[in-house]
Amino acid sequence: MAIEQNYLKRRDLDSLKAVEAAFQAGPLAEALDAAPDIERRRGLSLAEFERDYRSQGRPVVLEGRAADWPAVRTWSFAALAERCGTVPVVVDSYSSRAARKTTFGEFADALRQTAGTGAPPICLQEWYYKTVSPELADDLPELDIAHYDFRRDLYGDAAATNHQLWLGQRGGITRLHQDSYSVDVMHIQIVGEKRWSIMGPDAELLADPTGQLELDALLASPDTRLTRFVLRPGDVLYLPAWWFHRIELLTDSIGLGRKALDQVNLRRHVHQRIGELLALALNPDELRQTHSELFDVVMTRGRALAHQMDVDLSRLRQ
């Protein structure tokens, strides 16, 4: 098995911990304090978005673009608990040791009871709410800037709009990663604030012959393009495919992850999707060892996609 040399792309637990430690202290943490803010635009037209950002692969925050969404105006953890209290969820799914099944109401209670106690933050990541609480979609209108999402042609409308809610407690961290499947990231902040740290898709972190991470080389490279910024309620982030990103919750937070597939990335997207399914079907035991933090998350993604595509997983052919 080929070993990935770029630590930013590795998914084994030791590498993930090493990169996260670099964000907490040392030259990378110091560079983040001085990193520039992202470009921010308000009232941008669709034509300006296409010309100045999507066509050039430039990240941008569209300030207040979702400020009038019902979700932004009315949602809170308590309000969602009243609507979805008995809905089953899996919290802390990004940790193979902490992941557990509960209900949304119990998750909201746990947030309230552990706030300020010093307990590890609790998070509900990648909640495919449409599979269990589709009525929430009425509060989350479609983004006009996502008009180009080719997944509608590929999977159908239901699967293409199978977005994810991200909910979590102050202090929660999503470690640095690139999103899967060559899709552009669009994130809508609904409740609270998040701090994002991003790096360009060609950023590379290698180790010297003694195993020490070459952080100075990472920071000196023009490909790194380190940026840090805060997303607030109503803001919409556009992040082109393959940009690295790390998120820290500055408050209890609710956000919507909305992906968009650019047709120019179709071949890579299909290759990654099929490759993932073949790996899960033909090599599950090794994947559980090498991707222990990701295995169950990928299985959940696959089940959600099958549900929205009306695929019967008990049959080989349909």
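**Close-up views of a predicted model**

**View 1. Helices H5 and H6 lie roughly antiparallel to each other.** Welcome to the first stop in this predicted model. The reasoning behind the title is simple: helix H5 (residues 77–84) and helix H6 (residues 104–114) pack at an angle of about 155°, and an angle over 145 degrees counts as roughly antiparallel. The axes of the two helices are 8 Å apart, and H5 passes H6 in a left-handed crossing. On the H5 side, look for Phe-77, Leu-80, Ala-81 and Cys-84; on the H6 side, the contact is made by Phe-104, Gly-105, Phe-107, Ala-108 and Leu-111. Sorted by class, the residues of the contact between H5 and H6 come out as eight nonpolar and one polar, with no charged residue.

**View 2. Four antiparallel strands build an open sheet.** Reading across the sheet, you meet the strands in the order S7-S12-S9-S10. Strand S7 (173–177) and strand S10 (227–231) are the edges, each pairing on one side only. On average, and with direction ignored, neighbouring strands here are turned by 15° against each other. To find your way along one edge, follow S7 and strand S12 (residues 244–249), which pair in the antiparallel sense over three bridges; a handy landmark is Thr-174, which stands opposite Ile-247 in S12.

**View 3. Helix H1 lies across three strands of the sheet order shown in View 2.** Helix H1 (residues 13–24) covers S7, strand S9 (194–199) and S12. Taking S7 as your guide, you will see H1 running at about 105° to that strand.

**View 4. Seven strands form an open sheet with mixed pairing.** The strand order is S1-S2-S11-S8-S13-S6-S5. At the edges sit strand S1 (40–41) and strand S5 (123–127), and each of them pairs on one side only. Further in, strand S8 (residues 184–191) and strand S13 (residues 253–260) run antiparallel and are joined by seven bridges. A good place to pause on this pair is His-187, whose bridge partner in S13 is Gly-257.

**View 5. The protein chain is divided into domain 1 and domain 2.** Domain 1 takes in residues 7–261 and domain 2 residues 264–317. Their C-alpha centres lie 21 Å apart. If you zoom in on where the two domains meet, you will find 25 residues from domain 1 and 20 residues from domain 2 in the contact.

**View 6. Helices H10 and H12 are roughly perpendicular to each other.** Our last stop shows helix H10 (residues 266–282) and helix H12 (residues 295–308), which pack at an angle of about 115°. Angles of 65 to 115 degrees count as roughly perpendicular, and H10 and H12 are therefore described that way. Their axes are 12 Å apart, and the crossing is left-handed. From H10, Arg-273, Glu-276 and Leu-280 reach the contact, where they meet Phe-295, Val-298, Met-299 and Leu-305 of H12. By class, this contact between H10 and H12 has five nonpolar and two charged residues, and no polar one.

Terms used. Residues are numbered from 1 along each chain as its sequence is written. This is a predicted model: local features need pLDDT of at least 70, side-chain atom pairs count only at pLDDT 80 or more; totals for chains, interfaces and linings use all residues. Side-chain values use heavy atoms; hydrogens and water are left out. Axes are lines fitted to C-alpha atoms, for helices over the stretch in contact, and angles run from 0 to 180 degrees between N-to-C directions. Angles under 35 degrees count as roughly parallel, over 145 as roughly antiparallel, 65 to 115 as roughly perpendicular and the rest as oblique. A crossing is left-handed if the near helix is turned anticlockwise from the far one by less than a right angle, and right-handed if clockwise. Contact means heavy atoms within 4.5 Å. Ala, Val, Leu, Ile, Met, Phe, Trp, Tyr, Cys and Pro count as nonpolar, Asp, Glu, Lys and Arg as charged, and the others, Gly among them, as polar. Two strands pair if DSSP finds at least two bridges between them. Domain bounds come from an automatic or database domain assignment.
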